[in-house]
Amino acid sequence: MRAIEIGDLIVKNSDWTEARKVNHFEYSQTNINYASGSNLKAVSLNSTISTYFIIWNESVSVECELFWQALEHEGLKFLRKEPLRFALKKGWFYNVHEAIEIRINWDAVIEGKYLESRYSAKEIEFLNNLIKAEELKRVKEIRLALTKKKITFRNILRFGDSMAYLRQCGLIKKYFTFWEIDEVIQIWKHTGPN
């Protein structure tokens, strides 16, 4: 339960505004409070606690780094699943949501030197290049739609992921004019099955 107290304290003192995360912690905390006060079997309680750790295991942010540092400081042993290790091993991000979060939080995590104790300079450089490549891949997808004046139906999900990535990372205006954005949205609206 100490790990949950630490996590709750970090969330309350953070500037996390993403509703998904805040809702996740509120939901998890409600379930944990219920589970700890009831006669649940160990398996059910462990399942509830595992649910709480989803965000801590699947996120890359200053808050996550603080959480895992605090657990280590307290001597609490929990298995950490690191999305950056996956990216290093595979050379790509698990999904667009992970790529977005890493891109948004990368500068703060690097500036805080949170990765230096677990990653070599070469690994950090590789991850930085991977983030840049992901950004350019997303821009290329949008440029292709603008050039061809269409989005093939089989590429519509990838296109949508690219739009989400650029919008949520605040990059659309870096690469596209207002008119290009408007044009590509019109192309997108008129894409459907052939």
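**Buried charges in an all-helix chain**

Let me begin with a single residue: E141 has a relative accessible area of 12%, so it counts as buried, and in this predicted model it is a useful way into the salt bridges. The partner of E141 is R158, with the closest N and O atoms 3.0 Å apart. R158 lies in helix α9, residues 156-168, while E141 lies in helix α8, so this pair ties together parts that are 17 residues apart in sequence. Unlike the buried E141, R158 is partly exposed, at 44% relative accessibility.

Helix α8 holds a second case, where the side chains of E134 and K137 meet in a salt bridge at 3.4 Å, N to O. Here both residues sit in α8, residues 121-148, and because they are three residues apart they are separated by about one helical turn. In general, an α-helix has 3.6 residues a turn, so residues three or four places apart point the same way. E134 is buried, with a relative accessible area of 8%, whereas K137, at 46%, counts as partly exposed.

Stepping back for the overall picture, the chain has eleven helices and zero strands. Of its 194 residues, 41% are buried, and the accessible surface comes to about 12,200 Å², with 55% of that belonging to carbon and sulfur atoms. If we take contacts between residues at least 6 apart in sequence, 69% of them join residues at least 24 apart. The structure holds twelve salt bridges in total.

Now to helix α5, which covers residues 62-74 and contains E65. For its 13 residues, 1.5 Å a residue leads us to expect a span of 18 Å, and the end C-alpha atoms are indeed 18 Å apart, which agrees. Its buried residues are E63, C64, E65, F67, W68 and L71, and what covers them includes α1 (2-12) and α4 (54-58). Just after the helix, G75 takes a positive phi of about 80°.

What does E65 meet, once its neighbours within four places in sequence are left aside? The contacts are R80, Y114, L115 and R118, and E65 itself is buried at 2% relative accessibility. With R80, the side chain of E65 forms a salt bridge at 2.7 Å, N to O. Since E65 lies in α5 and R80 in the loop between α5 and α6 (83-90), the pair ties together parts that are 15 residues apart in sequence. Salt bridges that share partners join E65, R80, E82 and R118 into one network. I would also note that E65 and V109, though 44 residues apart in sequence, have C-alpha atoms 8.0 Å apart.

A brief word on the cysteines. C64, in the buried set of α5, has 0% relative accessibility, and C169 is buried as well, at 14%. The count of disulfides, with a cut-off of 2.5 Å between cysteine sulfur atoms, comes to zero.

Finally, towards the end of the chain, T191 is found in the segment after α11, which spans 178-189. Is T191 buried or exposed? Its relative accessible area is 16%, which means that it counts as buried. A polar atom of its side chain lies 2.9 Å from the backbone oxygen of I187, and, leaving aside neighbours within four places in sequence, T191 is in contact with I151, F153 and I156.

Key:
Residues numbered from 1 in each chain as written. Predicted model: local features only at pLDDT ≥ 70, side-chain atom pairs only at ≥ 80, totals over all residues. Heavy atoms only, no water. Helix = DSSP H or I, 4+ residues; strand = E, 2+ residues; numbered from the N terminus. Buried < 20%, exposed > 50% of the residue type's maximum accessible area, 1.4 Å probe, protein only. Contact = heavy atoms within 4.5 Å. Areas by Shrake-Rupley, 256 points an atom, 1.4 Å probe, with all protein chains shown as cover. Polar contact = N/O pair within 3.5 Å; in protein donor to acceptor, adjacent residues only side chain to side chain. Expected span 1.5 Å × (residues − 1). Salt bridge = Lys/Arg side-chain N within 4 Å of Asp/Glu carboxyl O.
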